[in-house]
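Open the model in your viewer and keep the selection tool at hand. Each stop tells you what to pick next and what is there.

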Amino acid sequence: IVLALSGAVNGIPGFGQILSRAMLVLEIGLSVFYLKFINNEKTDYMDVFFSFTFKDLNKYLNHLGTMLARMLLIVLWMLLFIIPGIIKAIAYSQVTYIKAENPDMDIMECLKESQRLMDGHKMEYFVMQLSFIGWFLLICITFGLAAIYVLPYHATTMALYYRALTPQIEIIAPKE
């Protein structure tokens, strides 16, 4: 759904680029959805629209600001050289999950928390992302058809990785 919306919006000449930036907050909504999914909570497609509340425009603007700040910082680091940009992109990789669990967190606090979580885990995360290259090639080979399976699989894996970094719930094993 999110890919279809993003693709449709990007297709609008001129205005589509601006609108697609406004839709960056859907990443936070996807994080809400997948965190609920891995926590065995009831999920709903409306979770994707977590940031869009007509009652609280400040919440939306805070979420949009966080996503734009993350994107801007990564681009600025990429301007230095590619490698520092990749390292910062990995350092900021947990921002959407942090924002999903802490919607009122300040923009800079969210970015710093992501860096703190990824401290000492960047290579591990990089290697995990590399392990998906075959899956993404499969998407190309099947002209996008495999994305129906691969993208949710990748998103669930990323949510599980975040949960491994921040064990906040106690998983109770079933009694035998």
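Start by selecting Met-123, which sits in helix H8. The model is predicted. Helix H8 covers residues 122–130.

Now widen the selection to a nonpolar patch on the surface that includes Met-123. Add Met-78, Ile-82, Ile-83, Ile-86 and Ile-87. Then add Phe-126, Val-127, Leu-130, Ile-133, Leu-137 and Ile-141. Together with Met-123, these residues have about 1,100 Å² of accessible area. Which helices each supply at least two residues of the patch? They are H5 (82–91), H8 (122–130) and H9 (133–141).

Next, select helix H3 (residues 26–38) and helix H10 (residues 147–165). Their axes lie 9 Å apart, and the packing angle is about 75 degrees. That makes H3 roughly perpendicular to H10. Show side chains at the contact. From H3, pick Tyr-34, Leu-35, Phe-37 and Ile-38. From H10, pick Pro-152, Ala-155, Thr-156, Ala-159, Leu-160, Tyr-162 and Arg-163. By class, the contact residues are nine nonpolar, one polar and one charged.

Stay on H3 and select Glu-27, which forms a salt bridge with Arg-70. The closest N and O atoms are 2.9 Å apart. Arg-70 belongs to helix H4 (residues 57–80), so this pair links distant parts of the chain, 43 residues apart. How many salt bridges does the structure hold? There are three.

Terms used:
Residues numbered from 1 in each chain as written. Predicted model: local features only at pLDDT ≥ 70, side-chain atom pairs only at ≥ 80, totals over all residues. Heavy atoms only, no water. Axes fitted to C-alpha atoms, helices over the stretch in contact; angles between N-to-C directions. Helix = DSSP H or I, 4+ residues; strand = E, 2+ residues; numbered from the N terminus. Parallel < 35°, antiparallel > 145°, perpendicular 65-115°, else oblique. Contact = heavy atoms within 4.5 Å. Nonpolar A, V, L, I, M, F, W, Y, C, P; charged D, E, K, R; others polar. Patch = residues over 30% accessible without salt bridge, like charges linked within 9 Å, V, L, I, M, F, W, Y side chains within 5 Å. Areas by Shrake-Rupley, 256 points an atom, 1.4 Å probe, with all protein chains shown as cover. Salt bridge = Lys/Arg side-chain N within 4 Å of Asp/Glu carboxyl O.
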